[in-house]
Protein chains: 2
Amino acid sequence: MEAKKQLHSTFSIDCVIFGFDGERIKVLLIERGEEPYKNFIAVPGDLVEENEDLEPAANRILKSLTGLEDIFMEQLYTFGKVDRHPLGRIITVAYYALVNIDTFNPKASSFARKIDWWAIDELPELAFDHNAILAKAIERLRWMANMQPIGLELLPEKFTLSQLRRLYEAILGIELDKRNFRRKITKMDFLIPLDEKQINVAHKAARYYSFNKEKYAQLKEEGKAF
Amino acid sequence: MEAKKQLHSTFSIDCVIFGFDGERIKVLLIERGEEPYKNFIAVPGDLVEENEDLEPAANRILKSLTGLEDIFMEQLYTFGKVDRHPLGRIITVAYYALVNIDTFNPKASSFARKIDWWAIDELPELAFDHNAILAKAIERLRWMANMQPIGLELLPEKFTLSQLRRLYEAILGIELDKRNFRRKITKMDFLIPLDEKQINVAHKAARYYSFNKEKYAQLKEEGKAF
DNA sequence: GCAAAAGTGTTGGTTGTACACCCATGA
DNA sequence: TCATGGGTGTACAACCAACACTTTTGC
């Protein structure tokens, strides 16, 4: 088979893109417009070009779907089972990215017929081994949230402490005590309280915060937080 | 060039094998017998065969050098810079393994002229991007030691608490308080004190311990320890 | 008897956790 | 005035870090 020959021993990138809608962690998935797995939902990905490094390939995919650049993205894991792709031996290097869900509208692209946000606890059956890829990505996200500050990439510029708490709760899948959370997170000193409050809310208006990016980056380096 | 064509767009495994000699963390490196980088020191690795999954490939390499099977091994990271290999586009999936240094003698193999243990703080300049691979592996090892029990794979069946402490010190690159270490590690409950002590030592004989493997595995799952 | 490593407790500070009420706002 | 989520303090337990001396053994 021609396609089979051409695809023999090559590799692709898959890109798990996480967002947070204020309540749940979501992931951006496409509906495949082509065989194999036509019409299946899948993690967006593409073959890596001959002269393309891996990170740029991952960024290319991210940009083609979201228009976003310079986004947090990190290598996740490489999946290489011999039979994972029906057209030949294709190993895939999975990346994951964190994006602010409000800053763009996903757009279909060459390899995607439809594109949508899916809550990570209501995933359909996916193409290829993509359920395994997503499981690994979610596990990594949880791990990260335990070890480092998280949120800069997932929240808007200004956010309330409750939003941040709900983010942690959504990632970790547990409830957090409001008072203890506030104490802990404010003591870590990477939040800047703003002189600005919510308006038009039917309750006491919450203060907005933003991230101190230097401090945030520094804590991320060190690991250990949370 | 024929070789270039044949190697176009394929992938390899590299296998960082850590051991502990009682004092320092060491890593098993080969001297390459072939071009490219002939005579350079390198992390052992090989191309992945057409019908070979990644883990089996990593195990094959480990076994050919050490004779060992069923050893702790985990995927580390995938390195895929376009120009990382002079003969073509070869991305490499790095694994790392932990072995007990006393249970075997490394043996040269098809791809290795010489093979030796190197202390991780006295590494030479390595072939390809292998210094970066090792740096990542050491970083991962440190991270692991902070989050999980470690040692089962690196120590002999029976060991003293001082040996275990020196292992942690070697990995983390810091000194640990003897009393606090004992308290902490024994409270975690994955050690079994044996009715056996050192003999022929010019000081008070230390008790031997062994690992409770179920408990150890369970704590490893959970993460969080240490 | 001396050198070398084993083994052992206490204290003070810090951190984590559980828990309940009043406040500001829009409807 | 009611419903909603914002904001606040305390007490107890667990954990962490610092620290020095006695014991056993071979030489």
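Helix 5 of chain B gives the largest share of the surface near DNA strand C, with 4 residues; near here means a heavy atom within 4 Å of the strand, and helices (H or I, at least four residues) and strands (E, at least two) are DSSP runs numbered from the N terminus. This is a predicted model, so a word on ground rules: local features need pLDDT of at least 70, side-chain atom pairs count only at pLDDT 80 or more, and totals for chains, interfaces and linings use all residues. Residues are numbered from 1 along each chain as its sequence is written, chains are lettered from A and ligands numbered from 1 in the order written, and side-chain values use heavy atoms, with hydrogens and water left out.

**Around DNA strand C**

- Helix 5 (178-187) of chain A and helix 5 (178-187) of chain B each put at least two residues into the surface near the strand.
- There are 19 residues around DNA strand C, and Val201(A), Lys204(A), Ser162(B), Lys178(B) and His203(B) come nearest.
- By class, that surface splits into 5 nonpolar, 4 polar and 10 charged residues. Here Ala, Val, Leu, Ile, Met, Phe, Trp, Tyr, Cys and Pro count as nonpolar, Asp, Glu, Lys and Arg as charged, and the others, Gly among them, as polar.
- Looking from the DNA side, 38% of the strand C atoms within 4 Å of the protein belong to sugar or phosphate, and the rest to bases.

**Atom pairs with the DNA**

- Asn180(A) has a polar side-chain atom 3.0 Å from a base nitrogen of DNA strand C.
- Arg183(A) also goes for a base: a side-chain N or O atom sits 3.3 Å from a base nitrogen of the strand.
- Arg207(B) meets the phosphate instead, with a backbone N or O atom 2.9 Å from a phosphate oxygen.

**Where chain A meets chain B**

- In contact (heavy atoms within 4.5 Å) are 26 residues of chain A and 26 residues of chain B.
- The two chains bury about 2300 Å² between them, 52% of it from carbon and sulfur atoms; buried area is the accessible area (1.4 Å probe) that two parts lose on being put together, summed over both.
- On the chain A side, Phe11(A), Arg89(A) and Trp143(A) lose the most area to chain B, together 23% of what that side buries.
- Salt bridges (a side-chain nitrogen of Lys or Arg within 4 Å of a carboxyl oxygen of Asp or Glu) number 0 between the chains.

Technical notes. A polar contact is a pair of N or O atoms within 3.5 Å; within protein, one must be able to donate a hydrogen and the other to accept it, and residues adjacent in sequence count only if both atoms are side-chain atoms.
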